[in-house]
Amino acid sequence: MLEFLPGTTLPMTEEARKDAFGSLAPIFAVSGGGLLLSQVSEMTGLGSTTIQNWVKRGWVSSPVNKRYSEVQVSRILLINLLRPAMQLEKIVQLLHYLNGSVEDRADDAIPEPKLYSLLCTAMQELSECEKITHESLVTLIEPLIEGYEGPVPGAAERLKTALSIMLMNVAAAMLMQQAEAIFAQTVALEKN
């Protein structure tokens with residue numbers, strides 16, 4: 001079971017389990033038109049310079065009036081949650097494959113807040129999987145996107161492919177954490 005809302009420092013709540021990005025709506029409502037860099041930094045645990053660098057590189061669109069919109073924040077969250085097991089450039093390529101240019105919403109296969117929520121739902125189900133294979137991940141994803149057609153041709157297939165890649169990387173990160181924990185225990189035992 002997930003302890004934190006993926007990509008954030010926020011605790012996982014029952015509301016977030018149902019709609020991960022939707023659970024952030026009160027934060028956006030109070031902020032009045034987007035989050036400031038300091039708020040995004042606090043929410044994600046990322047340094048301000050890291051976020052600014054992602055904007056500078058074109059991985060996240062530029063804030064408007066120094067405020068980050070829901071789309072920009074969801075993209076930052078997606079990048080942040082995938083980066084433990086995937087190179088940043090590949091994450092950005094994957095997001096581009098799915099949603100095209102960060103500046104053009106018309107070519108998106110799925111709105112990024114919805115993508116973030118779908119990925120979080122899939123991650124919750126992934127934590128209950130006994131055996132992780134590409135086929136098991138696709139089987140996990142298919143009911144989540146059943147009936148999804150998207151605004152552009154081929155959106156559903158691109159979404160299925162992108163989500164399976166994302167979940168494989170999340171699974172890899174989980175295995176890396178387990179390996180680190182076993183390694184730490186082994187080293188601690190050797191010292192005694």
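At what angle do the axes of helix 7 and helix 9 cross? Keep that question in mind while you load the model, which is a predicted one.

**Stop 1: helix 7 against helix 9**

Select residues 112-126 for helix 7 and residues 155-191 for helix 9. Their axes cross at roughly 50° and come within 10 Å. Helix 7 is therefore oblique to helix 9. The crossing is right-handed.

Now show side chains. On helix 7, pick L115, L118, L119, A122, M123 and L126. On helix 9, pick L159, L163, M166, L167, V170, A171 and M174. These residues make the contact. Colour them by class: 13 are nonpolar, with no polar and no charged residues.

**Stop 2: helix 8 against helix 9**

Keep helix 9 on screen and add helix 8, residues 134-145. The two axes are 9 Å apart, and the packing angle is about 130°. Helix 8 and helix 9 are therefore oblique to each other. Helix 8 passes helix 9 in a right-handed crossing.

From helix 8, select H134, L137, V138, L140, I141, E142 and I145. They meet A156, L159, K160, L163, S164, L167 and M168 of helix 9. By class, this contact has 10 nonpolar, 2 polar and 2 charged residues.

Look again at L159, L163 and L167. These helix 9 residues belong to the contact with helix 7, and they also meet helix 8.

**Stop 3: helix 5 on its own**

Hide helix 8 and helix 9. Select helix 5, residues 70-82. Helix 5 has 13 residues. From first C-alpha to last, helix 5 reaches 18 Å, close to the 18 Å expected at 1.5 Å a residue.

How many of the 13 residues of helix 5 are buried? The count is 11, so helix 5 is largely enclosed by the rest of the structure. To see them, select Q72, V73, S74, R75, I76, L77, L78, I79, N80, L81 and L82.

**Stop 4: helix 5 against helix 7**

Bring helix 7 back beside helix 5. The axes come within 8 Å and cross at roughly 35°. This crossing is left-handed, whereas helix 7 passes helix 9 in a right-handed one.

On the helix 5 side, select E70, V71, S74, R75, L77, L78, L81 and L82. Their partners on helix 7 are E112, P113, L115, Y116, L119 and M123. The contact divides into 10 nonpolar, 1 polar and 3 charged residues.

Three helix 7 residues deserve a second click: L115, L119 and M123. They meet helix 5, and they are also part of the contact with helix 9.

**Stop 5: R75**

Centre on R75, in helix 5. Is R75 buried or exposed? Its relative accessible area is 4%, so R75 is buried. Show its surroundings, leaving aside neighbours within four places in sequence. R75 is then in contact with W59, V60, V92, L95, V102 and E112.

**Stop 6: P111 and V71**

Step to P111, in the loop between helix 6 (88-99) and helix 7. P111 is partly exposed, at 44% relative accessibility. Draw a distance from its C-alpha to that of V71. The two residues are 40 apart in sequence but 7.5 Å apart in space. V71 is one of the helix 5 residues that meet helix 7.

**Stop 7: the loop between helix 4 and strand 2**

Finish between helix 4 (48-56) and strand 2 (67-68), starting with S61. S61 is buried, with a relative accessible area of 12%. Beyond neighbours within four places in sequence, S61 is in contact with V55, Q72, V102 and E103. Two of these residues have already come up: V102 is also in contact with R75, and Q72 is among the buried residues of helix 5.

Next, select N65 in this loop. N65 is exposed, at 69% relative accessibility. Its phi is near 55°, a positive value in a residue other than glycine.

Then select K66, also in the loop between helix 4 and strand 2. K66 is exposed, with a relative accessible area of 67%. Phi is positive here too, near 65°, and K66 is not a glycine. Turn back to S61 for the contrast: S61 is buried, while N65 is exposed and K66 is exposed.

Conventions:
Residues are numbered from 1 along each chain as its sequence is written. This is a predicted model: local features need pLDDT of at least 70, side-chain atom pairs count only at pLDDT 80 or more; totals for chains, interfaces and linings use all residues. Side-chain values use heavy atoms; hydrogens and water are left out. Axes are lines fitted to C-alpha atoms, for helices over the stretch in contact, and angles run from 0 to 180 degrees between N-to-C directions. Helices (H or I, at least four residues) and strands (E, at least two) are DSSP runs, numbered from the N terminus. Angles under 35 degrees count as roughly parallel, over 145 as roughly antiparallel, 65 to 115 as roughly perpendicular and the rest as oblique. A crossing is left-handed if the near helix is turned anticlockwise from the far one by less than a right angle, and right-handed if clockwise. Contact means heavy atoms within 4.5 Å. Ala, Val, Leu, Ile, Met, Phe, Trp, Tyr, Cys and Pro count as nonpolar, Asp, Glu, Lys and Arg as charged, and the others, Gly among them, as polar. Buried means under 20% relative accessible area, exposed over 50%, partly exposed in between (1.4 Å probe, protein chains only). The expected span of a helix is 1.5 Å times one less than its number of residues.
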